[in-house]
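Dear colleague,

Please find below the structure that I am handing over to you, together with its sequence. My findings follow directly after it.

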Amino acid sequence: MIQYLENIHHKDSKNFFLIAGPCIIEGEEMALNIAEKIVEITNKYNIPYIFKGSFKKANRSRVDSFTTIGEEKSLEILRKVGETFNIPTTTDIHENEHAALAAQYVDVLQIPAFLVRQTDLLIAAAKTGKCVSLKKGQFLSPESMQFAVQKVNDSGNPKTAIIERGNSFGYTDLVVDFRGIPTMRNYAPVILDVTHSLQQPNQSSGVTGGRPELIETIAKAGIAVGADGLFIETHPDPSCALSDGANMLRLDKLEDLLQKLTRVREAIL
């Protein structure tokens, strides 16, 4: 996927690439501060970087959960991040109409895991001509993702990637089957979504839990088995995050993690 992004840096470094940012856009200053810090770190370690932030969250457990500061306001912030740092940006879309809207502001359209079988949504994303990242549903096998990729490709868009984010393990946990990463690399580049793989969904409180203490473990394993990229949600203070704070990485811990992961990458090349 990254070969199609003109504004991505360190493309020829042979390093894994990184998609990272807050779960949701909470404000312009915070988004710019997070992006600035990650750009500094990824430049230091020659890691190709895509900034991520949701402009709207549609798949919330409770009706009173935070969803957006405003759709167009959030998209404008994503555009400003991209232009300020000359980096690609990505956001997730939930409705067919969101594809053309978001494509005016970002470089990569992400299809959420719960919606990856929605043919019309995939076709709408593909027809924008933007890169399309497809989150593997928690209920899907690795082999089944070839058909999601095919839907995008058959719509005239070869710019796809698959995001692994774990499979349902009982009612309230997820587990990553690392055998799926080499399998899915037969269909498209594979990104391991480290932080969402550590979610604990369907909690009785209606607020998703998580196990962020395992972020380093999961990330190292993903690089070791050949993941092309990593997806990490990060926030200056996850305890105050408006969405998914329970599984996010503190921003001040990111550099140490990426330094270690770069060494793992070097060891397997």
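Does Q110 count as buried or exposed? Please bear in mind that the model is predicted. Q110 counts as buried, because its relative accessibility is 4%, and the cut-off for a buried residue is under 20%. Q110 belongs to strand β4, which covers residues 108-111. Beyond its neighbours within four places in sequence, Q110 makes contact with T90, T91, D92 and I93. Its other contacts on that basis are S133, K135, I163 and F231.

Strand β4 also appears in the surroundings of two helices, α3 and α4.

In helix α3 (residues 96-103), the buried residues are H98, A99, A102 and A103. Viewed down the axis of α3, these residues fall within an arc of 120°, and they therefore line one face of the helix. A general point applies here: an α-helix has 3.6 residues a turn, so residues three or four places apart point the same way. The exposed residues E97 and A100 are carried on the face of α3 turned away from its buried side. The packing partners of the buried residues of α3 are α2 (71-85), β3 (89-92), β4 and α4 (119-126).

In helix α4, L121, L122, A125 and A126 are the buried residues. Down the axis of α4 they fall within an arc of 135°, so they too line one face of their helix. The elements covering the buried residues of α4 include α3 and β4, as well as β5 (131-135) and α5 (145-154).

With kind regards

Notes:
Residues are numbered from 1 along each chain as its sequence is written. This is a predicted model: local features need pLDDT of at least 70, side-chain atom pairs count only at pLDDT 80 or more; totals for chains, interfaces and linings use all residues. Side-chain values use heavy atoms; hydrogens and water are left out. Helices (H or I, at least four residues) and strands (E, at least two) are DSSP runs, numbered from the N terminus. Buried means under 20% relative accessible area, exposed over 50%, partly exposed in between (1.4 Å probe, protein chains only). Contact means heavy atoms within 4.5 Å. The arc is that of the directions from the helix axis to the C-beta atoms.
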